[in-house]
Amino acid sequence: MPATTRSLLMGAGLLAALMHPLYAQRTLTGIVQDPQGAAIPFAVVELPARKLGVQANDEGLFSFPLPAGLTPADSLTFSALGYERRRVAVPAEAAATLRLAALPVSLSEVVVRPGVAEWVGFKGVPKSRGGYRQTILLREKNTGWQIARRCQPTADGYLTAVRFFVNPSHDCGKTGLRAPFRVRVYAADGPGGSPGTDLLTTSVLAAATNRGWITVDMNRYTISFPQRGVYVAMEWLHTSDEFLCRSISYNPESHQKMEQVNYEQSLASALVPTAEAHTWYHTIDYGWVSFNRRFAEQSQILDAAIQARSQP
């Protein structure tokens, strides 16, 4: 075979590989459903090896811009509260439907003993402005944070309520204040004492109407509250464009005016001695990270205004 012909064939083969859907940059759209075909809201779709992911909306629909250079070794992981995690090869098609099997749920009998219920967790005085917040949570970029606070009772019991102190957001004001968020509860059995096993396998949404504590009744979920504690978390979710707002900022170097669209929710906090803070945060990119460890050199850090009520 002439060298020129061989070179052309090799070049055509390389071009075909680059144009193959698995390797080229593209967007995967789809829906996550249960075995009966019902949509699973807010499921997470991830490329674990690339530390990338998106969250489905409340109708189970997702749009995932896949990076270029994927190989057959790359795979997608799908997960949702109350369903078995599933790992699949990256589909070559532009659209995909994936179904997750429900986890078996075993509810233990709740035995309420005489005793005084107690609120545990955050002990500071919430600041009247600011705190932890999620920005740029658009329908197209819907990978929300979670902020978790460890709560430890004085004795074993049951989780009967959780509460979060919500502030007006920095840019969105009352628009951000009313944005729904999801309540999460984890056992303290993750690596290094991080949030681990999901204890609340039902998707529970809450929203504030005014600044202050918003309380969510947890009695119906029969969650044990051991003395070693649990983590209670606020998870930001994109639920509707009605909670979007626009803010203006300026580049400090070029002084160029920049407009940004935000979807904000502010969880209040307070400065406390670093050793007394028990706040963690979670992103798809990095998993769970402790603020105590990240800012260990500081004498004070922000602790999230999250509390839980224990009933013996």
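Six salt bridges are counted in this structure, which is a predicted model. The tour begins with some of them, then moves to the sheets, the cores and one buried threonine.

**Stop 1: Asp-74 and Arg-50**

Select Asp-74 and Arg-50 and show their side chains. They meet in a salt bridge with an N to O distance of 3.0 Å. Asp-74 sits in the loop between strand E4 (61–66) and strand E5 (75–79), and Arg-50 in the loop between strand E2 (44–47) and strand E3 (52–55), so the pair ties together parts that are 24 residues apart in sequence. Is each partner buried or partly exposed? Asp-74 is buried, because its relative accessibility is 8%. Arg-50 has a relative accessible area of 31% and is partly exposed.

**Stop 2: the hairpin next to Arg-50**

Keep Arg-50 in view and add strands E2 and E3. These strands run antiparallel and are joined by four bridges. Select Val-44 to find Gln-55 of E3 opposite. Then go to the turn: the hairpin of E2 and E3 has four residues between its strands, and Lys-51 takes a positive phi near 55° there.

**Stop 3: a sheet of three strands**

Select E4 again, this time with strands E1 and E7. Together they form an open sheet in the order E4-E1-E7, with mixed pairing. E4 and strand E7 (95–99) are the edge strands, each with a single partner, so one side of each has no neighbour in the sheet. On average, neighbouring strands of this sheet are turned by 30° against each other, direction ignored. Strand E1 (residues 26–33) runs antiparallel to E4, and six bridges join the two. For one of these positions, pick Leu-28, whose bridge partner in E4 is Phe-64.

**Stop 4: a sheet of six strands**

Now move along the chain and colour strands E13, E12, E16, E10, E21 and E22. In that order they make an open sheet with antiparallel pairing. Which strands stand at the edges? They are strand E13 (204–206) and strand E22 (287–290); each has a single partner strand, so one of its sides is left without a neighbour in the sheet. Here, too, the average turn between neighbouring strands is 30°, direction ignored.

Within this sheet, zoom in on strand E12 (residues 181–187) and strand E16 (residues 230–236). Seven bridges join this antiparallel pair. Arg-184 has Ala-233 of E16 as its bridge partner.

**Stop 5: a network of salt bridges**

Stay on E12 and E16 and show the side chains of Glu-235 and Arg-182. Their salt bridge has an N to O distance of 2.9 Å. Glu-235 belongs to strand E16 and Arg-182 to strand E12, and the two are 53 residues apart. Both Glu-235 and Arg-182 are buried.

Add Asp-198 and Arg-184, which form a salt bridge at 3.2 Å, N to O. Asp-198 is in the loop between E12 and E13 while Arg-184 is in strand E12, so the contact ties together parts that are 14 residues apart in sequence. Asp-198 is partly exposed at 31% relative accessibility, whereas Arg-184 is buried with a relative accessible area of 8%. Select these four residues at once: Arg-182, Arg-184, Asp-198 and Glu-235 are linked in a network of salt bridges.

**Stop 6: the nonpolar cores**

Hide the charged side chains and select Val-162, Phe-164, Val-183, Met-218 and Leu-267. These are the residues with the most contacts inside the largest nonpolar core, which has 39 residues. Centre the view on Val-183. Leaving aside neighbours within four places in sequence, Val-183 is in contact with Val-162, Phe-164, Leu-200, Val-204, Ala-206, Val-216 and Ala-233. Another core, of 20 residues, lies apart from this one; Leu-28, Ala-43, Leu-47 and Phe-78 are among its members.

**Stop 7: Thr-160**

Finish at Thr-160, in strand E11 (residues 157–167). Why does Thr-160 count as buried? Its relative accessibility is 7%, and buried means under 20%. Which residues beyond four places in sequence are in contact with Thr-160? Select Val-216, Asp-217, Met-218, Asn-219, Arg-309 and Gln-311 to see them. Met-218 was also met at the previous stop, as one of the residues with the most contacts inside the largest nonpolar core.

How values were computed:
Residues are numbered from 1 along each chain as its sequence is written. This is a predicted model: local features need pLDDT of at least 70, side-chain atom pairs count only at pLDDT 80 or more; totals for chains, interfaces and linings use all residues. Side-chain values use heavy atoms; hydrogens and water are left out. Buried means under 20% relative accessible area, exposed over 50%, partly exposed in between (1.4 Å probe, protein chains only). Contact means heavy atoms within 4.5 Å. Two strands pair if DSSP finds at least two bridges between them. Axes are lines fitted to C-alpha atoms, for helices over the stretch in contact, and angles run from 0 to 180 degrees between N-to-C directions. A nonpolar core is a set of buried Ala, Val, Leu, Ile, Met, Phe, Trp, Tyr and Cys residues joined through side-chain atoms within 4.5 Å.
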